[in-house]
2 protein chains.
Amino acid sequence: MSKPNPAPPVVTRVSDATLRGFVGYHMKRAFNVVQADLATTLKPFDLRMITYSALVLIVDNPGLRQSQLADAMDIERPNLVVIIDELERRDLILREKVPTDRRAYALVPTLAGRQLCARAIEAVKSHEARLLQGVGMTEYAQVLDVLRRIEAKGTKE
Amino acid sequence: MSKPNPAPPVVTRVSDATLRGFVGYHMKRAFNVVQADLATTLKPFDLRMITYSALVLIVDNPGLRQSQLADAMDIERPNLVVIIDELERRDLILREKVPTDRRAYALVPTLAGRQLCARAIEAVKSHEARLLQGVGMTEYAQVLDVLRRIEAKGTKE
DNA sequence: CGCATATCGTTATGTGACATAACTATTATG
DNA sequence: CATAATAGTTATGTCACATAACGATATGCG
C-alpha cells in the first residue's frame with residue numbers, strides 16, 4: 001500500500017535563491033560579517049560597536065546632551081544610560097552638569113577617552129580596508145549613496 | 001579665579017562625520033530601516049525576519065535537515081529549535097523522521113505553510129520596492145555585488 | 001567487530017541590543 | 001501660575017545571538 005508519508009528526498013544542496021532575490025537579505029548577511037569583524041577589532045579596546053559609536057560622537061561633539069546623543073545614534077534614551085555609565089566608569093567621558101539646565105548633562109570626553117578613541121578609529125579603518133578590499137572608489141561611492149537613500153526612507157515618515 | 005570646569009559649549013548640531021566615513025555605519029543605519037520596515041511588513045503574517053527566512057528556506061528545500069537549515073541561515077543549531085517549534089506549532093511545517101538516520105528530522109512545509117510563505121514573499125517584494133524606490137538596475141546590481149563581496153570576506157576564513 | 005569519534009537535535013543558560021511604561025526633577029509655555 | 005513638555009532614570013520585557021553539555025545515533029578506523 002502506498003506510504004502516507006514517503007521519505008522526503010535527500011537535500012544535498014540548499015538553495016537560498018528566493019532570499020537572495022532581496023537586497024535586505026544581502027544586507028543582513030553582509031552586516032553580520034561586518035559586525036563580527038568589528039567586534040573582534042574593538043575587543044582589544046574593550047569596546048563594542050555601540051560604545052564605540054557613542055565614544056566617537058562624544059569626542060567629536062564635546063558637550064552634547066544625552067538626548068542629542070540618543071537622537072544621533074537613533075536609540076531610545078533609556079538604553080543610553082548603561083552605555084554612558086560604562087564609558088564614564090572607564091574614565092573615557094564625563095557627565096558634566098549644565099548650569100543653565102539642571103535636568104541635563106553635557107557629555108565630554110577625557111584625555112584618555114580621546115586617545116582610546118583615536119586608536120580605535122585607526123583599528124576600525126583597518127577593519128574596513130579588509131572588508132572592502134577590491135572595492136573601487138566608484139563602487140564604494142555608489143554603495144554609500146544607495147545605503148543613504150535606503151536609510152532616508154526610514155526618516156521620511 | 002578661573003573656573004576649573006568651564007561650561008561646555010552648547011552643541012547645536014551633532015556631527016557624525018567620523019562615523020559616516022565608515023561603510024559599516026551606513027550599513028547599520030540602513031539595515032535598521034530595513035529591519036523595522038520588514039518587521040511591520042511581516043507582522044500581519046505573525047512572522048519575524050528569522051521565522052520568515054526559515055519558512056522560505058524550508059518551502060524551497062523540502063526535506064532539508066535542521067543542521068542544513070542552520071548552516072544556510074548561518075545560525076547556531078540550538079537557536080533553531082524554538083524557530084522550528086514555532087513554525088511547527090502553527091502547522092506551517094512538519095518535522096518528519098528520517099528512516100535512514102534516526103537522529104535527524106526532515107523539515108517539510110505544509111500546504112498552509114506554502115500558502116502563507118507565498119503571500120509573505122509578495123509583501124516583502126513590496127517592502128523592498130518601497131525601500132529601493134529610485135534605485136536603478138545598475139546601481140542595484142552594483143550594491144548586491146559589493147554586499148556579496150563583503151559577505152564573502154566572512155566565509156573565507 | 002569493538003570502540004572512539006563525530007553528528008543531530010535538544011536543554012540550559014547567558015549576553016547584549018533593542019523595546020515600552022512610568023517615574024522624578026526641572027524647564028518652557030500660554 | 002498651572003499645565004505641558006523635556007531630560008534622564010529605573011524597571012522590565014523581548015528577541016537575536018552565544019556557549020556548554022547532554023543523550024541518541026551514525027561513522028570510521030584499527
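# DNA contacts, sheet and symmetry in close-up

**View 1. The protein surface near DNA strand C.** Six nonpolar, three polar and ten charged residues make up the surface near DNA strand C. "Near" means that a heavy atom of the residue lies within 4 Å of the molecule or strand. Ala, Val, Leu, Ile, Met, Phe, Trp, Tyr, Cys and Pro count as nonpolar; Asp, Glu, Lys and Arg count as charged; the others, including Gly, count as polar. The model is predicted: local features need pLDDT of at least 70, side-chain atom pairs count only at pLDDT 80 or more, and totals for chains, interfaces and linings use all residues. Residues are numbered from 1 along each chain as its sequence is written, chains are lettered from A and ligands numbered from 1 in the order in which they are written, and side-chain values use heavy atoms, with hydrogens and water left out.

Of the 19 residues around DNA strand C, those that come nearest are A:Arg48, B:Lys28, B:Gln66, B:Ser67 and B:Arg103. Of the strand C atoms that come within 4 Å of the protein, 59% belong to sugar and phosphate. α5 (77-89) of chain A, α4 (66-73) of chain B and α5 (77-89) of chain B each supply at least two residues of this surface. The largest share, three residues, comes from α5(B). Helices (H or I, at least four residues) and strands (E, at least two) are DSSP runs, numbered from the N terminus.

**View 2. Polar contacts to DNA strand C.** A polar contact is a pair of N or O atoms within 3.5 Å; within protein, one must be able to donate a hydrogen and the other to accept it, and residues adjacent in sequence count only if both atoms are side-chain atoms. An N or O atom in the side chain of A:Arg48 is 2.8 Å from a phosphate oxygen of DNA strand C. Two contacts from chain B go to bases. The side chain of B:Arg103 places an N or O atom 2.7 Å from a base oxygen. For B:Arg77, the partner is a base nitrogen, at 3.4 Å.

**View 3. Chain A at DNA strand D.** Which residues come nearest to DNA strand D? Of the 19 around it, they are A:Lys28, A:Gln66, A:Ser67, A:Arg103 and B:Arg48. Sugar and phosphate account for 58% of the strand D atoms within 4 Å of the protein. A:Lys28 has a polar side-chain atom 2.5 Å from a phosphate oxygen. A:Gln66 has a side-chain N or O atom 2.6 Å from a phosphate oxygen. A:Arg77 instead meets a base nitrogen, at 3.3 Å. α4 (66-73) and α5 of chain A, together with α5 of chain B, give two or more residues each to this surface. α5(A) gives the largest share, three residues.

**View 4. The open sheet of chain A.** Three strands run in the order β1-β3-β2, with antiparallel pairing. Strands pair if DSSP finds at least two bridges between them. β1 (64-65) and β2 (93-97) are at the edges with a single partner strand each, so one side of each lacks a neighbour in the sheet. Five bridges join β2(A) to β3 (residues 105-109) of chain A. A:Lys97 stands opposite A:Tyr105 in β3(A). α5(A) packs on the sheet and touches β2 and β3 of chain A.

**View 5. The rotation axis.** A rotation of 180 degrees, with 0.0 Å of shift along its axis, superposes chain B on chain A (RMSD 0.0 Å). This is the relation of a two-fold axis. The superposition is by least squares on C-alpha atoms of residues with pLDDT of at least 70 in both copies. Of the residues of chain B, B:Val143 comes closest to the axis, at 2.7 Å (C-alpha).

Technical notes:
Contact means heavy atoms within 4.5 Å. Axes are lines fitted to C-alpha atoms, for helices over the stretch in contact, and angles run from 0 to 180 degrees between N-to-C directions.
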